[in-house]
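Reader: I would like a close look at one part of this model, the smaller questions of packing included. Please begin with burial and go on from there to whatever that part touches.

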Amino acid sequence: MLTLDNLLIEQGDFRLSADFEIETGARVAVIGPSGAGKSTLLSVISGFFTQRAGRVLWDGIDITGTAPGERPLSILFQDQNLFPHLNLETNLALGLNPKGKIDRAARARIEAALERVGLDGFGKRKPGQISGGQQSRAGLARALLRARPMLLLDEPFAALGPALKAEMLALVAEIAGEQGTTVLMVSHDPEDARVLCPQTVLVADGIAHPPQDTAALLANPPPVLKDYLG
Amino acid sequence: MATRLREITPAALASAALAALVLGALAAVAIRAGGLTGLRATDLAAIRFTLWQAALSALLSCLLAIPVARALHRRRFPGRGLLISLLGAPFILPVIVAVFGLIAVFGRRGLVNAALAPFGVEPISIYGAHGVIIAHVFFNLPLATRMILHGWEAIPTERFRLAASLRFGPAEVTRHLERPMLRAVLPGASLAIFLVCLTSFAVALTLGGGPRATTVELAIYQAFRFDFDMGRAASLALVQVAISVTALLIAARVTTPASFGAGHDRTSLPIPQLSVGAGRATLDALAILLAAAFLLAPIGAVFARGLPALPELPAMIWPATLTSLGIALASTLVTLIIALPLALAATRHRWAEIAAMLPMTASALVMGTGAFLIARPFVNPTSLALPMVLLTNAALSIPFATRILMPEIRTLQADYDRLAASLGLRGLARLRLLTLPRLARPLGFSAGLAAAFSMGDLGVITLFSDGQTRTLPLALFQLMGSYRMDQAAGAATLLLTLTFALFWALDRAGHHADPR
């Protein structure tokens with residue numbers, strides 16, 4: 001269970017508070033107007049930005065002081081999810097072991113992960129030699145290998161076309177389902193939330209609201225969300 | 001917290017090593033000098049000459065560079081790209097080779113005098129104050145041209161298009177576009193040249209000397225070698241430090257904000273209404289031809305005279321060559337080992353950048369004098385000649401290498417710090433998998449510069465050498481001193497070729513290692 005305990009985030013004039021819990025295995029969309037602080041909230045959970053006050057806990061353990069790489073989560077950003085100068089095998093190996101060593105067992109696991117996301121035989125290619133959709137798959141394959149209990153998605157599929165995006169969301173749902181992963185996904189598109197996430201955290205007016213039922217929220221949006229959805 | 005400490009440890013160690021070298025030398029000099037009382041009238045003349053020649057060299061280089069840069073900006077001709085690349089060559093050209101080439105062109109029996117003699121013109125001499133300035137202009141005219149050309153090309157084409165749509169004539173273009181650009185670029189360019197010329201040693205050693213053409217650096221050398229007056233050498237070194245530090249402080253205040261707003265069109269096309277007119281075309285052609293001749297003739301003269309002389313090189317050249325190659329490679333290694341951690345830390349910690357710039361406060365001869373003073377009570381300093389050359393060469397390359405690496409490191413950190421942190425990639429694994437591959441090009445370029453600089457350096461070795469321990473530049477200097485000019489030409493050709501080859505090979509290696 002992820003607990004945001006009286007979290008207060010400040011950055012210049014910007015303020016955001018959050019105080020809620022997310023159940024293990026839940027799939028939660030994070031939506032709200034641009035600039036409301038959706039990505040900042042994920043940055044705090046993943047350890048890239050330090051909150052002003054409050055704690056982040058996973059299963060009751062305070063991870064506020066933990067380095068990003070040590071936290072019980074994997075994160076996929078909008079871009080730069082792979083090192084462009086390393087081939088996919090090495091990029092994925094970093095998910096197994098940050099020293100990048102590849103022994104026979106690791107190679108077998110990497111090949112299996114690539115196969116799982118439909119990239120079998122792509123291990124020796126570099127990110128620049130595959131398509132954007134394939135790059136997203138490789139990022140997911142690395143998250144699969146890391147097998148952390150949480151997966152944070154900071155709009156990693158924003159640049160993909162609608163069909164590819166739907167495909168990636170389905171893949172996320174499958175993998176998360178298999179591993180029991182808790183998913184937090186920032187999105188601009190309410191449709192993404194409807195498809196992948198039964199629950200939604202609304203971020204608006206300086207507050208990240210506790211998760212609520214996605215279908216109900218979208219059917220009857222509060223004014224701030226209504227303005228944003230248009 | 002522990003991680004943070006671990007991250008800055010390499011930079012802290014590099015800073016400590018560099019500070020020990022530079023500040024140790026400065027302290028030794030300051031203690032030995034015990035004030036400035038040891039200075040004589042000739043030393044005051046050296047101070048005056050140092051400032052005067054540096055100012056005049058900067059002024060002439062910039063003034064002459066303006067028409068050349070303008071011509072290069074508005075003309076397109078075959079070989080233009082090559083010529084602009086060649087403008088970078090003097091940066092790695094060994095000073096002693098350039099001096100040899102300048103003597104071949106402007107010396108008593110040089111090309112210029114040979115051309116003038118039939119008209120009954122008295123032979124001109126390359127030696128003395130004007131020779132020092134000619135050599136400095138030779139080295140810095142290309143630098144100034146590149147900086148000013150860069151300024152011209154930074155004016156967006158849109159501005160010129162706007163000027164054309166407003167029916168600006170050449171005078172209006174000059175007033176509204178070109179003069180503001182020059183006002184922004186020239187102070188920085190002339191100050192950079194002024195700084196370089198303040199620590200001029202090898203040029204003054206070979207072309208200057210005497211009461212009217214001695215720089216402070218040369219005066220240190222003379223007090224050291226001829227008078228063995230260490231107190232005076234130390235006082236002069238202190239003066240040199242004061243001059244360098246003052247100039248650095250001024251340079252830190254002069255910024256070059258050549259702001260012309262954003263333009264979309266990066267490729268600067270020739271500007272039609274500025275290129276017409278036979279008069280202007282002739283002037284441009286003349287500027288380019290003269291500048292190219294001034295830069296290429298000395299190098300051509302070295303090769304023309306040196307290539308046939310290569311088989312007759314004296315035996316002493318070969319050990320000197322090996323020594324120089326060894327020092328150049330070792331000094332390059334030291335440069336990178338110190339500069340890389342400093343540059344990696346400098347994007348976040350100001351102290352690391354300041355540490356990397358420390359060597360700019362001390363010139364080669366100042367560091368040599370300080371090291372000599374430290375070493376003398378313990379060992380025979382001449383036995384330290386080669387290690388001292390290696391260390392001072394590395395120290396003087398570190399500021400350049402750091403400046404080259406820093407922008408690339410900023411990009412690297414902006415692009416991949418998050419990803420690396422999210423995967424826990426750090427320490428040696430980060431160095432091997434991320435830092436070194438992504439920085440291969442600037443590392444190769446820095447290594448090339450450091451190696452070329454060390455290969456061609458004629459500085460500290462003149463203080464420490466017992467006459468038997470030689471680098472290749474020193475061997476060339478000795479051959480020139482004993483008027484064995486054909487052998488000197490051969491040695492100059494060898495030195496020039498090896499220096500450029502080192503630069504080229506290391507720069508290429510960087511490109512080759514770049515996995516992109």
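Author: In this predicted model, 42% of the 230 residues of chain A count as buried. Chain A contains eight helices and 11 strands. Its radius of gyration is 18 Å, close to the 17 Å that the globule rule gives for 230 residues, so chain A is as compact as a globular protein of that length. The C-alpha trace of chain A spans about 50 × 40 × 30 Å along its principal axes. Of the contacts in chain A with a separation of 6 or more, 64% are between residues 24 or more positions apart.

An unreviewed UniProt entry places the feature "domain: ABC transporter" at residues 2-230 of chain A. That span is 37% helix and 24% strand, and its end C-alpha atoms lie 32 Å apart.

The domain assignment cuts chain A in two: domain 1 takes residues 1-72 and 151-229, and domain 2 takes residues 79-147. Taken over C-alpha atoms, the centres of domain 1 and domain 2 of chain A are separated by 25 Å. The two meet through 12 residues of domain 1 of chain A and 11 residues of domain 2 of chain A. On the domain 1 side, helix 5 (residues 162-179) of chain A gives the largest share, six residues. By class, this side of domain 1 of chain A has 10 nonpolar residues, two polar ones and no charged ones.

Next comes the contact with the other chain. Chain B puts 17 residues in contact with 18 residues of chain A. Two elements give two or more residues to the chain B side, namely helix 17 (385-423) and helix 18 (427-438) of chain B. Helix 17 of chain B gives the most, with seven residues. The chain B side divides into 10 nonpolar, three polar and four charged residues. No charged residue appears on the side of domain 1 of chain A that touches domain 2 of chain A, whereas four charged residues appear on this side of chain B.

For chain B, an unreviewed UniProt annotation, "domain: ABC transmembrane type-1", covers residues 47-251 and 321-506. Residues 47-251 of chain B are 75% helix and 0% strand, with the end C-alpha atoms 20 Å apart. Residues 321-506 of chain B are 81% helix and 0% strand, and there the end C-alpha atoms are 18 Å apart.

The nonpolar cores come next. The largest nonpolar core has 161 residues, among which B:Phe100, B:Leu342, B:Leu476 and B:Ala491 touch the most other members. Helix 17 of chain B, with 15 residues, gives the most to this core. Leaving aside residues up to four places away in sequence, B:Phe100 touches B:Val302, B:Met480, B:Ala488, B:Ala489 and B:Ala492. A second, separate core of 72 residues includes A:Leu41, A:Phe157, A:Leu217 and B:Ala420.

Two residues named above, B:Leu476 and B:Met480, are among the buried residues of helix 21 of chain B. Eight of the 10 residues of this helix (residues 472-481) are buried, so it is largely enclosed by the rest of the structure. Besides those two, the buried residues of helix 21 of chain B include B:Leu472, B:Pro473, B:Leu474, B:Ala475, B:Phe477 and B:Leu479. They pack against helix 4 (95-106), helix 14 (317-346), helix 19 (440-456), helix 20 (460-464) and helix 22 (485-513) of chain B. Just after helix 21 of chain B, B:Tyr483 takes a positive phi of about 55°.

Two exposed residues of chain B may serve as a contrast. B:Arg253 lies in helix 11 (residues 230-253) of chain B. It has 7 C-beta neighbours inside 10 Å and therefore counts as exposed. Its C-alpha atom is separated by 36 Å from that of B:Ala164, 89 residues away along the chain. B:Gly79 lies in the loop between helix 2 (41-74) and helix 3 (80-86) of chain B. With 10 C-beta neighbours inside 10 Å, B:Gly79 also counts as exposed. B:Gly79 and B:Leu290 are 211 residues apart in sequence, yet 15 Å apart in space, C-alpha to C-alpha.

Terms used
Residues are numbered from 1 along each chain as its sequence is written. Chains are lettered from A and ligands numbered from 1 in the order in which they are written. This is a predicted model: local features need pLDDT of at least 70, side-chain atom pairs count only at pLDDT 80 or more; totals for chains, interfaces and linings use all residues. UniProt positions are given in the numbering used here, feature names are shortened, and annotations may be inferred rather than shown by experiment. Helices (H or I, at least four residues) and strands (E, at least two) are DSSP runs, numbered from the N terminus. Two residues are in contact if their C-beta atoms, placed from the backbone, lie within 7 Å. Ala, Val, Leu, Ile, Met, Phe, Trp, Tyr, Cys and Pro count as nonpolar, Asp, Glu, Lys and Arg as charged, and the others, Gly among them, as polar. The radius of gyration is taken over C-alpha atoms; the globule rule is 2.2 Å times the number of residues to the power 0.38. A residue is buried if 20 or more other C-beta atoms lie within 10 Å of its own, exposed if 12 or fewer, and partly exposed in between; C-beta atoms are placed from the backbone. Domain bounds come from an automatic or database domain assignment. A nonpolar core is a set of buried Ala, Val, Leu, Ile, Met, Phe, Trp, Tyr and Cys residues joined through C-beta atoms within 7 Å.
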